[in-house]
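User: I would like to learn how to read the overall fold of a model, and then one of its pockets. Could you take me through it step by step?

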Amino acid sequence: HHTAHPTESATMNDGNEPSVDSDKREERIQARRARIHEKLAAKESGEAGATVGGGQKRKETDKKEVLKGKAQIQEARRKLRQLLENGDEDVTRVRVEGDDKENQRRINEEARRLDRR
């Protein structure tokens with residue numbers, strides 16, 4: 001089983017099968033659908049031995065994919081927390097700057113009004 005290197009175009013592994021490690025969303029979907037189809041076909045034909053022979057390797061691959069998926073979820077949550085935090089800071093900064101400008105405008109307006117007297 002060949003895992004495409006991230007810098008490669010990662011279109012297909014071993015020449016013509018879609019890969020779940022692909023950079024392309026549609027190809028990952030195709031690979032998962034093909035894997036599900038293979039599992040269903042093996043169950044329907046009663047090939048219990050088919051999962052025993054390659055089952056250990058498949059379980060290891062599945063575990064790696066689960067761990068990879070959990071890591072991606074954690075990273076996405078971390079990025080979201082960071083975006084929310086940065087967004088809140090930006091909004092607060094903009095409000096404070098706007099309030100400051102408005103206060104300065106009012107002070108200047110009051111000073112001009114008093115100068116006119």
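User: How many helices and strands are there in the protein?

Analyst: A fold is read by listing its elements and then their order. In this predicted model, the protein has three helices and zero strands, and along the sequence these give the pattern α-α-α.

User: What share of the residues counts as buried?

Analyst: Burial is judged from relative accessible area, with under 20% as the cut-off. Here 9% of the 117 residues of the protein count as buried, while the accessible surface comes to about 10,300 Å², with 52% of that area belonging to carbon and sulfur atoms.

User: Among contacts between residues at least 6 apart in sequence, what percentage joins residues at least 24 apart?

Analyst: Sequence separation is the quantity to follow here. For the protein, 11% of the contacts between residues at least 6 apart in sequence join residues at least 24 apart.

User: Which residues line the second largest pocket?

Analyst: A pocket is read from its volume, then its lining. The second largest pocket has a volume of about 240 Å³, and it is lined by Val 20, Asp 21, Ser 22, Arg 28, Arg 32, Arg 35, Glu 65, Lys 68, Gly 69 and Gln 72. Two or more lining residues come from each of helix 1 (25-44) and helix 3 (55-116), and helix 3 gives the most, with four residues.

User: How many residues of each class does the lining of the second largest pocket have?

Analyst: Sorting a lining by class describes its chemical make-up. In the second largest pocket, six lining residues are charged, three are polar and one is nonpolar; the charged residues include Arg 28, Arg 32 and Arg 35.

Note on methods: Residues numbered from 1 in each chain as written. Predicted model: local features only at pLDDT ≥ 70, side-chain atom pairs only at ≥ 80, totals over all residues. Heavy atoms only, no water. 1 Å grid on protein atoms, 1.4 Å probe; cavity = no way out; pocket = protein on both sides within 12 Å on 5 of 7 lines; lining within 4 Å. Points joined across faces, edges and corners; volume = space filled by probe spheres on them. Buried < 20%, exposed > 50% of the residue type's maximum accessible area, 1.4 Å probe, protein only. Contact = heavy atoms within 4.5 Å. Areas by Shrake-Rupley, 256 points an atom, 1.4 Å probe, with all protein chains shown as cover.
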